[in-house]
Amino acid sequence: QPTLTSLRALVLRDKGDDARLTVEGSPRVLPAGIDLSAYRIVEHLLAAMDDAPGVEVGVRFGEEALEIRVAGPAGRRGDVGAALGRARERAQLHRGTLDARTRGGRAEAIALLPVTAIA
């Protein structure tokens, strides 16, 4: 099963060298289901982006939530809707949320997955 540790390879494979990945906070071991869903959410959101340069993926490990942000050139409308729907379902599996907007040809989606700190 893919995990967040495989995220850099996913971003490079799907969007190339022009894509950017940033990780903030203190990365830690997450429950397996959340880790897999976080990876899949990024995968779905990347599918919603056009293949043009400028895709940015951000992951922030917070105290109470994992925040995933994907922004870049919007893909075709039908593709975007389907990809966002799949990402939203993944977030909701863990009582999380996904907010998305498109403006001026750019799309941005932010998913929040509640997590508890593992000591």
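These legends cover three close-up views of a predicted model.

**View 1. The largest pocket and its lining residues**. The volume of the largest pocket is about 170 Å³. Rolling a probe the size of a water molecule over the atoms reveals where empty space remains. Lining residues L4, T5 and L7 appear here together with V23, P27, R28, V29 and L30. D35, V59 and F61 complete the lining. By residue class, the lining divides into 8 nonpolar, 1 polar and 2 charged.

**View 2. S37 in helix α2**. Helix α2 covers residues 32-47 and includes S37. Is S37 buried or exposed? S37 has 2% relative accessibility, under the 20% cut-off, so S37 counts as buried. Leaving aside residues up to four places away in sequence, S37 touches R90, L93 and H94.

**View 3. The largest nonpolar core, with I68 and its contacts**. This core has 35 residues. I41, L66 and I68 have the most contacts inside it. Which elements give two or more residues to the core? They are α1 (7-15), α2, β2 (56-61), β3 (65-73), α3 (77-93) and β5 (106-114). Helix α2 supplies the largest share, 7 residues. I68 touches A38, I41, V42 and G58, again setting aside residues up to four places away in sequence. On the same basis, I68 also touches A109, I110, A111 and L113.

Methods: Residues numbered from 1 in each chain as written. Predicted model: local features only at pLDDT ≥ 70, side-chain atom pairs only at ≥ 80, totals over all residues. Heavy atoms only, no water. 1 Å grid on protein atoms, 1.4 Å probe; cavity = no way out; pocket = protein on both sides within 12 Å on 5 of 7 lines; lining within 4 Å. Points joined across faces, edges and corners; volume = space filled by probe spheres on them. Nonpolar A, V, L, I, M, F, W, Y, C, P; charged D, E, K, R; others polar. Helix = DSSP H or I, 4+ residues; strand = E, 2+ residues; numbered from the N terminus. Buried < 20%, exposed > 50% of the residue type's maximum accessible area, 1.4 Å probe, protein only. Contact = heavy atoms within 4.5 Å. Core = buried A, V, L, I, M, F, W, Y, C linked by side-chain atoms within 4.5 Å.
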